[in-house]
Structures are given as C-alpha cells and as structure tokens.
Amino acid sequence: RRLGVGRVDILYLHRWDATAGTDGTLAALDAWVRRGAVGALGASNVPAAALLAAVARQRALGLAPFRWVQS
C-alpha cells in the first residue's frame, strides 16, 4: 500500500539473518507469491550455504523458491 502498487515484481531479502530460512518465513514469502502480491523472490548478501539450505527447504515444502540472487 505504501508503494501505491498492487504487486511487487521482485521481493528481495537484503539482509540475511537466522530467521530468513525458517519454515515460517519461507511460508510467509510463499503466501505473498501465491496471492499475487509478489512476482518472484530474491535474496542478496546471503551465504551460499544458507541460500542452498533455504531453497532445498522450499522445495521440500512445495513453496515458491528464491529465483533471483544479488551478491
């Protein structure tokens, strides 16, 4: 609402922390994608191992994956 748009093309997580790869966070991100508020998920400044673990968890749970990475 604050942006004045109905959809964000890419939602980036710019600062990775211990909560970013949790099931709850990944499910919340998935919900935004599924309802059409977000087109794709992205991450930046994330350690490769953490990103791989998060994407594996998204796959295992059937959630929308991170599709963009900015290092």
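Which residue of E3 does Ala-43 stand opposite? The partner of Ala-43 is Val-69 in E3, and we will come back to this pair after a look at the whole chain.

A word on the model first. This is a predicted model, in which local features need pLDDT of at least 70, side-chain atom pairs count only at pLDDT 80 or more, and totals for chains, interfaces and linings use all residues. Residues are numbered from 1 along each chain as its sequence is written, and side-chain values use heavy atoms, with hydrogens and water left out.

Let's start with the overall layout. The protein chain has two helices and three strands (DSSP runs numbered from the N terminus, with helices being H or I of at least four residues and strands E of at least two). Followed along the sequence, these elements give the pattern β-α-β-α-β.

Now walk in from the N-terminal side. Strand E1 (residues 8-13) runs parallel to E2, joined to it by five bridges; strands count as paired if DSSP finds at least two bridges between them. Within this pairing, Val-8 stands opposite Val-38 in E2. To get from E1 to E2, the chain passes through helix H1 (residues 23-34), and this β-α-β crossover is right-handed. Right-handed here means that, with the strands pointing away from the viewer, the path from the first strand over the helix to the second runs clockwise.

On to the next step. E2 also pairs with strand E3 (residues 66-70) in the parallel sense, over four bridges, and here we meet Ala-43 opposite Val-69 again. The connection from E2 to E3 goes through helix H2 (residues 48-61), as another β-α-β crossover that is right-handed.

How does E2 (residues 38-44) sit in the structure? Six of its seven residues are buried, so strand E2 is largely enclosed by the rest of the structure. Buried means under 20% relative accessible area, exposed over 50%, and partly exposed in between, using a 1.4 Å probe and protein chains only.

Just beyond, in the loop between E2 and H2, you will find Asn-45. Asn-45 has a positive phi of about 55° although it is not a glycine, and it is exposed, with a relative accessible area of 56%.

Finally, step back to the whole chain. Of its 71 residues, 28% count as buried. Among contacts (heavy atoms within 4.5 Å) between residues at least 6 apart in sequence, 76% join residues at least 24 apart. The C-alpha atoms fill a box of roughly 35 × 25 × 20 Å, taken along the principal axes.
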